[in-house]
Number of protein chains: 4
Amino acid sequence: MLDPAKLSDIEAIIAAQGAMRLIGVEVVRVERGETEFAVNFRPELSQQNGFFHAGIVSTLVDTAGGCAGVTAMPPGAGVLTVEFKLNLLAPADGERIVARAEVVKSGRTLTITQGRVFVYKNGVETLCALMQQTLISMPAKTVREPDSSK
Amino acid sequence: MLDPAKLSDIEAIIAAQGAMRLIGVEVVRVERGETEFAVNFRPELSQQNGFFHAGIVSTLVDTAGGCAGVTAMPPGAGVLTVEFKLNLLAPADGERIVARAEVVKSGRTLTITQGRVFVYKNGVETLCALMQQTLISMPAKTVREPDSSK
Amino acid sequence: MLDPAKLSDIEAIIAAQGAMRLIGVEVVRVERGETEFAVNFRPELSQQNGFFHAGIVSTLVDTAGGCAGVTAMPPGAGVLTVEFKLNLLAPADGERIVARAEVVKSGRTLTITQGRVFVYKNGVETLCALMQQTLISMPAKTVREPDSSK
Amino acid sequence: MLDPAKLSDIEAIIAAQGAMRLIGVEVVRVERGETEFAVNFRPELSQQNGFFHAGIVSTLVDTAGGCAGVTAMPPGAGVLTVEFKLNLLAPADGERIVARAEVVKSGRTLTITQGRVFVYKNGVETLCALMQQTLISMPAKTVREPDSSK
């Protein structure tokens, strides 16, 4: 079960991100260590063939992974993405993409997640991207200067 | 020197991508094997701390890398991103981000690029992201079905 | 069920790799789209703290992933690793490491796999590494010159 | 200039790694933020076509990157690899491979490096691999339990 304080942390993060509103990201499901976020197709999200742009796919799954990490941390803690690696398996050709991310390992400093993105077209689901991600946790209130020596 | 036909290939790709217009991507420089693309800050591109969202950073550098790959291919050929890996080195806190990508190796099937993203704030440049990317070339006219067996 | 010709392809690959004999890699299980390879600890495989060296972990899981890819291809076809990304989640501190790899997507040209490495110590299993990998298939007999234009 | 204490840190790390002796890794050059390590070919390091095994290439460049990270840290501090991503650009077909790694960003907690591996055959140098790596620094004396909560 997800702590309600944690869900409101995540809703607050998403609401505070201009890029999430620009893209139109929808929080479908949040559980402890797992998230599911979605975006419906609009021509403004396309690449040159009319598919979802890979950048939209990566934004969605990176955010889903980051929020999955947040669900596994103390209330008020934040995360920053250290790095992620994304394989694009098939064109994101469809009406809707859904990213599902889960925490594989949650450590004191680093959290590792994996994510999958599915595209839906005429009722058919196709796996279109695969992500592996490293997050770093930020104590509450220090999100602005994560590692000032860097 | 870049073939003018190649530059118009790239301008056509960017112009045809709704996501590039949505984000406001600017083509700064295109040479053979190298590109430089930029985005100016707007609140719609932010994450919760008011920095550029990591998804915008990744979209910019993935696209810069893909277009760098296009410059090294026969006219009319397209590319798809197979995968990329992005390290986020510092918050993208500033007025403008610029991605510089270059082809490290261009093969018959696969092309490997690297990219760096810099953020500018009050005249100070900070390296904020580092990318390594694999592209697959698509013969002219077959971009829509890159690998139909997949 | 795995085609017996495929299993003998894999056994032949492993037997032909000096590095696999040097490290002492054991083929535990091979099924269609899945492999499980193991290595027992010896001081020659260590890093400075007496754990398995990350290089041994990466060699094992890269090979397990490559062979998982082979199981999903026509007989006689080979693969080369295009790239892989490995997260090291915990020290590989134990008597034995086991890599389990599986094909996520098998395409005409490219195959994507994921792998996990577990370390065993005093009967306790710990997930110590996570891999995401891209393979390229080589038609039979052309393994030596995979992409001569590269 | 490299602090002599730092060079002896690195020599001690390499000497203490059974895997480095097994493979036959040679420290060619160590400077502040940069390393160059090499391995000469022996049949025990091969894959099935007689090239250097990708695992040997990855072990070499991961270690070169890790030691580059050590050169940028306080004396006595250690590093662990959080993750690395390796693109294999060409078969490692030759008499010797040399990995050159450099620190791109050194932070209080995390250090990012890049590396390239070159293979030499009959006097010809070929770039055969490209790496991007994340390291985490360990205070002196605590290397054994890097993140006990993980």
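**Figure 1. The open sheet shared by chains A and B.** In this predicted model, 12 strands form an open sheet with antiparallel pairing, and their order is S1(A)-S2(A)-S4(A)-S5(A)-S6(A)-S3(A)-S3(B)-S6(B)-S5(B)-S4(B)-S2(B)-S1(B). Strand S1 (26-31) of chain A and strand S1 (26-31) of chain B are the edge strands, each of them pairing on one side only. From one strand to the next, the twist averages 20 degrees.

**Figure 2. The edge of the sheet in chain B and the helix that packs on the sheet.** Five bridges link S1(B) to strand S2 (residues 34-40) of chain B, and the two pair in the antiparallel sense. Within this region, Glu26(B) stands opposite Ala38(B), a residue of S2(B). Helix H3 (residues 54-71) of chain B packs on the sheet, where it touches S1, S2, strand S3 (78-88), strand S4 (96-106), strand S5 (110-121) and strand S6 (124-138) of chain B, together with strand S3 (78-88) of chain A. The direction of this helix makes about 40 degrees with that of S4(B).

**Figure 3. The surroundings of Pro4 in chain D.** Pro4(D) lies in helix H1 (residues 4-15) of chain D. Because 8 other C-beta atoms are found within 10 Å, and a residue with 12 or fewer counts as exposed, Pro4(D) is exposed. Pro75(D) is 71 residues away from Pro4(D) along the chain, and the C-alpha atoms of the two are separated by 10.0 Å.

**Figure 4. The contact between chains C and D.** Chain D gives 37 residues to the contact and chain C gives 38 residues. On the side of chain D that touches chain C, the elements that give two or more residues are helix H2 (18-23), helix H3 (54-71) and strand S3 (78-88) of chain D, and the largest share, nine residues, comes from S3(D). Sorted by class, this side of chain D has 18 nonpolar, 13 polar and six charged residues. Strand S3 (residues 78-88) of chain C runs antiparallel to S3(D), and five bridges join the two; in one of these strands, S3(D), Glu83(D) is the bridge partner of Asn87(C).

**Figure 5. The axis relating chains C and D.** A turn of 180 degrees, with a shift of 0.0 Å along the axis, lays chain D on chain C with an RMSD of 0.0 Å, and that is the relation of a two-fold axis. The C-alpha of Lys85(D) is the one nearest the axis in chain D, at 2.0 Å from it. Both copies use the same surface, since 100% of the contact residues of chain D recur in chain C.

Note on methods: Residues numbered from 1 in each chain as written. Chains lettered and ligands numbered in written order. Predicted model: local features only at pLDDT ≥ 70, side-chain atom pairs only at ≥ 80, totals over all residues. Pairing = 2+ DSSP bridges. Helix = DSSP H or I, 4+ residues; strand = E, 2+ residues; numbered from the N terminus. Axes fitted to C-alpha atoms, helices over the stretch in contact; angles between N-to-C directions. Contact = placed C-beta atoms within 7 Å. Buried ≥ 20, exposed ≤ 12 C-beta atoms within 10 Å, placed from the backbone. Nonpolar A, V, L, I, M, F, W, Y, C, P; charged D, E, K, R; others polar. Least-squares fit on C-alpha atoms with pLDDT ≥ 70 in both.
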